[in-house]
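Student: Could you pick one part of this structure and take me through it closely? I would like to see how it sits among its neighbours, residue by residue where that helps.

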Amino acid sequence: MKLGVYNAILHDRDLPGALDVIAGLGLEGIEINSGGFLPPRHIPGFDDILTSDAARDDYLAIFEGTGVSIAGLNCNGNPLHPNREIGEKHAEDIRRSIRLAQRLGQKRVVTMSGLPGGEPGTKHPNWIVNAWNSAALDVLDYQWSVAVPFWKEIDALARDHDVKVALELHPQNLVFNTADVRKLVELTGSSNLGVEMDASHLFWQQMDPIAVVQELGDLIFHAAAKDVRINPGTARLYGVLDNRFRRLDPSEPRTSLGGDEWANEWPKPAAWDFVALGKGHDTDYWARWLKALHEVDPDMLVNIEHEDTELGRIEGLEVAAKVLKDARAQAGV
């Protein structure tokens, strides 16, 4: 089992600088962003690598002697977005990432299932949180009719390139829980679609990531180590579907999600927060989580994703790395 870091938090420095940080943490892998919501900051010459063996070899040489190797590609985005400017770009980024993975000797591409609009002709995605009414089921039927042909195509491409596509079970996507995973696999007849086990997005849905690993078994292809802390004083008032986000002004620093869509400011105070490992669940929990993953695949790649706004870039990685390494030792994996 290889432990590493998803590189988005290290986009403030070049690739050699990011590898220095990860090696200094005593970790072995780097999951590299390859498109989608974020640009492929650490893949200079992306197009050249796809076509030139010399460019590929020069890129791989950057990792030699660092003690850190590539641990999957990450292309999180919304390939089913009804705004074609966003959806088609993110979809093509997934295709390119699969081709790049094969070129780099990688077997895993992480992404999201995506979310269509609620009906033909709309410009905005529509997430059905609770389909208690028949109209909501009509929306879901339409969305699955959009999703299935696309994911059949991606599954075939991934199979042809000997790559597994690992979907993050992220709310605001069509596939965000165990039932959705089973449904996607059944409707597409897929062989190369599965799950990136990001525990954080299960915690705030009140799911147990260990139970989900045990339920989905060999459909778990990859893993992200990120914690969630429920804040009881606020959660009792607003619940885990707390929706008090603030739209950021164009004059403020903000993150583009494609087209004219931007990440909003988190609710303050929040009902729950993404936090470094150990701040929501203790080392014993993470040891049991790693053990469950190891039982599925002894070579599972597990990468820290740092989104704890209370901790700096390196500080947060240091906190998470200590907990994750201690958990690995405790689990004996």
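Tutor: Happy to! Two residues are in contact here when they have heavy atoms within 4.5 Å of each other. Please keep in mind that this is a predicted model. Let's look at the barrel, starting from strand β1, and then visit some individual residues.

The barrel is closed and has 8 strands, in the order β1-β2-β3-β4-β5-β6-β7-β12, with parallel pairing. From one strand to the next, the twist averages 35 degrees. Helix α11, residues 313–331, packs on this sheet and touches β1, β7 (220–225) and β12 (301–304). The direction of α11 makes about 150 degrees with that of β12.

Now for β1 itself. Strand β1 covers residues 2–6 and pairs with β2 in the parallel sense, over 3 bridges. One place to see this pairing is valine 5, whose bridge partner in β2 is isoleucine 30. β1 also runs parallel to β12, and 4 bridges join the two. Here you can look at leucine 3, which has valine 302 of β12 as its bridge partner. As for its surroundings, β1 is mostly covered, with 4 of its 5 residues buried.

How does the chain get from β1 to β2? Together with α1, these two strands make a right-handed β-α-β unit. Helix α1 buries Leu15, Gly17, Ala18, Leu19, Val21 and Ile22. Those buried residues pack against β1, β2, α3 and α11, so both strands of the unit are among the partners of the helix that links them. At the start of α1, a side-chain oxygen of aspartate 14 comes within 2.8 Å of the backbone nitrogen of glycine 17. After the helix comes glycine 26, with a positive phi near 75 degrees.

α1 has α3 among its packing partners, and that helix is worth a look too. Helix α3 spans residues 53–61, and its buried residues are Ala55, Arg56 and Tyr59. These lie on the same side of α3, because they cover an arc of only 100 degrees around the axis. The buried residues of α3 pack against α1 (15–24), β2 (29–33), α2 (46–51), β3 (69–74) and α4 (84–104). At the start of α3, a side-chain oxygen of serine 52 reaches to within 3.3 Å of the backbone nitrogen of alanine 54.

From α3 we can step to α4, where serine 97 is found. Serine 97 counts as buried because its relative accessibility is 0%, and the cut-off for buried is under 20%. Its side chain makes a polar contact of 2.7 Å with the side chain of serine 34. Beyond the neighbours within four places in sequence, serine 97 is in contact with Ser34, Phe46, Leu73, Cys75 and Val109.

Back in the barrel, strand β7 holds phenylalanine 221. With 7% relative accessibility, phenylalanine 221 counts as buried. Leaving aside neighbours within four places in sequence, phenylalanine 221 is in contact with Arg108, Lys164, Val165, Ala166, Asn192, Leu193, Gly194, Val195 and Met300. Another pair to consider is phenylalanine 221 and valine 296: they are 75 residues apart in sequence, with their C-alpha atoms 8.8 Å apart in space.

Next comes lysine 226, in the loop between β7 and β8 (227–230). Is lysine 226 buried or exposed? Lysine 226 counts as buried, because its relative accessibility is 1%. Its side chain makes a polar contact with the side chain of glutamate 307, at 3.2 Å. Not counting residues up to four places away in sequence, lysine 226 touches Asp198, Ala199, Ser200, His201, Phe203, Phe274, Val275, Leu277, Trp286, Glu305 and Glu307. Glutamate 307 therefore appears both in this contact list and as the polar partner of the lysine 226 side chain.

For one last stop, try tryptophan 144 in helix α5, residues 134–160. Tryptophan 144 is buried, with a relative accessible area of 7%. Not counting residues up to four places away in sequence, its contacts are Pro149, Leu174, Val175, Asp180, Lys183, Leu184 and Leu187. Tryptophan 144 and arginine 41 are 103 residues apart in sequence and 33 Å apart in space, C-alpha to C-alpha.

Terms used: Residues are numbered from 1 along each chain as its sequence is written. This is a predicted model: local features need pLDDT of at least 70, side-chain atom pairs count only at pLDDT 80 or more; totals for chains, interfaces and linings use all residues. Side-chain values use heavy atoms; hydrogens and water are left out. Buried means under 20% relative accessible area, exposed over 50%, partly exposed in between (1.4 Å probe, protein chains only). The arc is that of the directions from the helix axis to the C-beta atoms. A polar contact is a pair of N or O atoms within 3.5 Å; within protein, one must be able to donate a hydrogen and the other to accept it, and residues adjacent in sequence count only if both atoms are side-chain atoms. Two strands pair if DSSP finds at least two bridges between them. Axes are lines fitted to C-alpha atoms, for helices over the stretch in contact, and angles run from 0 to 180 degrees between N-to-C directions. A crossover is right-handed if, with the strands pointing away from the viewer, the path from the first strand over the helix to the second runs clockwise.
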